[in-house]
Amino acid sequence: MVPPSPRTLRADAARNRESLLAAAEEVFAERGMEASVADIARRAGVAKGTVFRHFACKDDLIAALVCERLVTLTDAAHTLADAPDPGMALLEFLTIAADQRRQHDLTYLQTYSANDARVVAIRDEVHAGVETLVANARAAGAIRPDVTGTDVFLLMCAPVHVMEGLPDPPPDLWRRYLAIIFDGLRPEGASALPQPAPELP
């Protein structure tokens with residue numbers, strides 16, 4: 001019998017890793033921190049040992065899942081940085097960020113792994129990407145001049161967060177609040193902000 005080539009093994013390993021992360025996202029969304037490695041392995045259709053071949057422990061899996069989500073935002077920010085309409089680019093980025101959270105709100109996992117060096121590094125990349133998008137939008141006059149990248153970074157999850165108190169909100173209601181937030185960023189009719197922008201640690 002001919003053994004599989006290293007390339008095939010690498011492809012299989014990559015597929016297993018993607019399957020595990022997708023399963024972890026679903027299981028953590030359903031069960032919170034009570035989700036176990038065994039639960040995730042069952043959802044992915046693999047043995048528990050397969051999980052530990054990719055992730056040393058549950059915390060490592062959580063950090064990888066958070067990083068995967070943050071990389072999506074980093075890639076979006078980099079792609080949109082050269083868009084011809086900076087205002088629409090910023091709105092598109094905020095739409096991507098809110099829609100990602102709507103699919104499975106795993107913000108608590110990001111808080112849990114906030115001190116993981118990998119998460120911190122990619123979070124800082126996202127922040128830098130947002131700073132660029134905001135600077136571009138400010139320079140184009142698309143948003144008010146006193147709005148900072150940190151302001152917008154902190155608002156990314158707000159369109160979905162405001163719906164958490166509703167028992168059964170329509171699935172696209174977050175778009176209403178995104179529109180309200182983005183209109184608040186525009187320069188027309190803006191009044192002076194009462195406090196300076198915060199700085200992230």
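Student: Which residue follows α2, and what is the sign of its phi?

Tutor: This is a predicted model, so let's walk along its helices. Helix α2 covers residues 37-44. Just after α2 comes a residue whose phi is near 75°, and that makes the sign positive: the residue is Gly 45.

Student: Which residues of α2 are buried?

Tutor: Buried here means under 20% relative accessible area. In α2, the residues that pass that test include Val 37, where the helix starts, and Ala 44, where it ends. The full set is Val 37, Asp 39, Ile 40, Ala 41 and Ala 44.

Student: How many helices and strands does the chain have?

Tutor: Reading along the sequence, you meet the pattern α-α-α-α-α-α-α-α-α-α. No strand turns up in that pattern. The count for the protein chain is 10 helices and zero strands.

Student: Is His 54 buried, partly exposed or exposed?

Tutor: His 54 sits in helix α3, which runs over residues 48-54. Buried is under 20% and exposed is over 50%. His 54 has a relative accessible area of 25%, so it falls in between: partly exposed.

Student: Which residues does His 54 touch, leaving out those up to four places away in sequence?

Tutor: Touching means heavy atoms within 4.5 Å. Ala 24 is 30 residues from His 54 in sequence, and their C-alpha atoms are 13 Å apart. The residues His 54 does touch are Ala 13, Asn 16, Arg 17, Leu 20 and Asp 60.

Student: Which element gives the most to the lining of the largest pocket?

Tutor: The largest pocket has a volume of about 590 Å³. Of the 24 residues lining it, the closest to its centre are Leu 70, Thr 107, Gln 110, Phe 153 and Cys 157. At least two lining residues come from each of α4 (58-80), α5 (86-103), α6 (107-112), α7 (117-139) and α8 (149-155). The biggest giver, with five residues, is α4.

Student: What classes of residue make up the lining of the largest pocket?

Tutor: Let's sort that lining by class. Four of its residues are polar and four are charged. The remaining class is the nonpolar one, with 16 residues.

Student: Which elements give two or more residues to the lining of the second largest pocket?

Tutor: This pocket has a volume of about 150 Å³. Of its 10 lining residues, the closest to the centre are Glu 25, Glu 68, Arg 69, Thr 72 and Gln 100. The elements you're after are α1 (6-31), α4 and α5.

Student: How many charged residues are in the lining of the second largest pocket?

Tutor: Go class by class again. There are three nonpolar and three polar residues in this lining. The charged ones come to four.

Student: Where is confidence lowest and where is it highest among the elements of the chain?

Tutor: Overall, the mean pLDDT is 87, and 93% of the residues reach 70 or more. The means by element run from 78 at the low end to 95 at the high end. Lowest is α1, and highest is α7.

Student: Over which residues is the pLDDT below 50?

Tutor: Where pLDDT is low, the predicted coordinates should not be read in detail. The stretch in question has one contact in the model beyond near neighbours in sequence. Those are residues 1-6.

Student: What share of the chain's residues count as buried?

Tutor: The C-alpha trace spans about 70 × 40 × 30 Å along its principal axes. The chain exposes about 11,300 Å², with carbon and sulfur atoms supplying 56% of that. Of the 201 residues, the buried share is 37%.

Definitions and conventions:
Residues numbered from 1 in each chain as written. Predicted model: local features only at pLDDT ≥ 70, side-chain atom pairs only at ≥ 80, totals over all residues. Heavy atoms only, no water. 1 Å grid on protein atoms, 1.4 Å probe; cavity = no way out; pocket = protein on both sides within 12 Å on 5 of 7 lines; lining within 4 Å. Points joined across faces, edges and corners; volume = space filled by probe spheres on them. Helix = DSSP H or I, 4+ residues; strand = E, 2+ residues; numbered from the N terminus. Nonpolar A, V, L, I, M, F, W, Y, C, P; charged D, E, K, R; others polar. pLDDT = per-residue confidence, 0-100. Buried < 20%, exposed > 50% of the residue type's maximum accessible area, 1.4 Å probe, protein only. Areas by Shrake-Rupley, 256 points an atom, 1.4 Å probe, with all protein chains shown as cover.
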